[in-house]
Amino acid sequence: MSSQITVLVTGGAGYIGSHTAKALARAGYRVVVYDNLSRGHRWAVRWGPLEEGELLDTEHLRKVMVAERVGAVLHFAALIEVGESMKTPETFFRNNVSGSLSLLNAMRDAGVRRIVFSSTCALYGFPEKVPIAEDTPTAPLSPYGESKLMVERLLHWEGICHGLQWMALRYFNAAGADADGESGESHSPETHLIPSLLAAALGRRPACPIFGGDYPTPDGTCIRDYIHVTDLADAHVLALRHLQEGNPSTVLNLGTGDGFSVNQILAAAERIIGKPIPISRQGRRPGDPPRLVAAPQKAFEQLNWKPAHSSIENIIETAWKWSSHAHSPAASLSV
Ligand SMILES: NC(=O)c1ccc[n+]([C@@H]2O[C@H](COP(=O)([O-])OP(=O)(O)OC[C@H]3O[C@@H](n4cnc5c(N)ncnc54)[C@H](O)[C@@H]3O)[C@@H](O)[C@H]2O)c1
């Protein structure tokens, strides 16, 4: 099947979107990035033109889709910080839900009928059972998680009522950086564990906070499933092909199936960079489940995908190379 179609990558100036733009370009797709640069970076757009625009601007989206002859959308654009969503839920529902509705309206008007959506394991809340399969009941603990669940429902009904082909990919913890050092994680503020540890190691923050040491896990710290951003990017290319081949719309977990505790990540990071990392141990953070680990078999089978870059060593090594690079644009950002 020819893959020479144009893919609109919303949020392509962000962390996961930029890595996926690279994977798409390598797979022969033409990429157009659509991003308002509210959280993303111009430097991260390297694999296709940037159309600066706002998700809520339906008419702008429609015009770009028609002018660029867009054949499919990969939809990463969203506000992503859980704590921020607890402070301003209305902003999250407007940006993530109304923004996605605007995108779906533009797609319908422009005749674009395929979309891959960035969903999250945050919509499982405190899961009844771990590892977590896709049929686990959803119970988001934040407006962020709820906004993602609401978009999944929009996709479901858009599929039934208007024939949209869609795929919702529920990522676990995205981590790591491009092996060639061409992109990496650069959120501001940065709340994710690995970049926060590395920022502390580099003296860019006084210490990395570690939340909770009394969880019902072997060492008392939370357990998460870390998936390398390059593996996520590859899964998106496969998900798009899957839709192009006419397979049914569905929801897939993207994780490795292996869990690592915060203390294990800290120990691995100290081993890899060869020095102690300043940390500050704090109480539990509200809304943090003790253990979030994917049952990723459905994605393995349906996409014929297996994480190939997600060893903890590779995740930390690539993230370290990225964050310690003197010329990395991320180096000057606050954490
Ligand atoms: N990082 C993770 O671990 C993780 C885990 C699960 C799900 N996700 C989801 O993956 C997606 C990408 O996450 P990321 O870590 O790359 O985030 P990011 O903040 O680096 O990228 C998001 C991009 O979307 C853009 N954007 C936001 N609102 C927009 C709007 N209204 N119009 C146009 N552009 C807008 C931002 O400018 C930014 O470039 C998000 O949807 C997020 O919810 C991320």
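Reader: What makes β1 and β4 a pair?
Author: Two strands pair if DSSP finds at least two bridges between them. Strand β1 (residues 6–10) and strand β4 (residues 70–75) run parallel and are joined by 5 bridges, so they count as paired. One of the partnerships is Val 7 with Ala 72 in β4. This is a predicted model, where local features need pLDDT of at least 70, side-chain atom pairs count only at pLDDT 80 or more, and totals for chains, interfaces and linings use all residues. Residues are numbered from 1 along each chain as its sequence is written.

Reader: How many helices and strands are there, and what makes a stretch count as one?
Author: The chain has 10 helices and 14 strands. Helices are DSSP runs of H or I with at least four residues, strands are runs of E with at least two, and both are numbered from the N terminus.

Reader: Why is the chain called as compact as a globular protein of its length?
Author: Its radius of gyration, taken over C-alpha atoms, is set against the globule rule, 2.2 Å times the number of residues to the power 0.38. For 335 residues the rule gives 20 Å and the chain has 19 Å, which is close, so the wording fits.

Reader: Which strands are called edge strands in the sheet, and why?
Author: The order of this open sheet of 7 strands is β3-β2-β1-β4-β5-β6-β11, with parallel pairing. β3 (50–52) and β11 (250–254) each pair on one side only, and that makes them the edges.

Reader: What percentage of the residues counts as buried, and how do you know?
Author: For each residue, count the other C-beta atoms (placed from the backbone) within 10 Å of its own: 20 or more is buried, 12 or fewer is exposed, and in between is partly exposed. By that count, 48% of the 335 residues are buried.

Reader: How many residues of domain 1 and domain 2 are in contact?
Author: Domain 1 is 6–175 + 227–254, and domain 2 is 193–224 + 257–293 + 308–332; such bounds come from an automatic or database domain assignment. Contact means C-beta atoms, placed from the backbone, within 7 Å. On that basis, 18 residues of domain 1 touch 15 residues of domain 2. β7 (173–175), β10 (226–228) and α7 (229–244) each supply at least two residues of domain 1's side.

Reader: What is the make-up of that side of domain 1?
Author: It has 12 nonpolar, 5 polar and 1 charged. Nonpolar means Ala, Val, Leu, Ile, Met, Phe, Trp, Tyr, Cys and Pro; charged means Asp, Glu, Lys and Arg; the others, Gly among them, are polar.

Note on methods
Contact = placed C-beta atoms within 7 Å.
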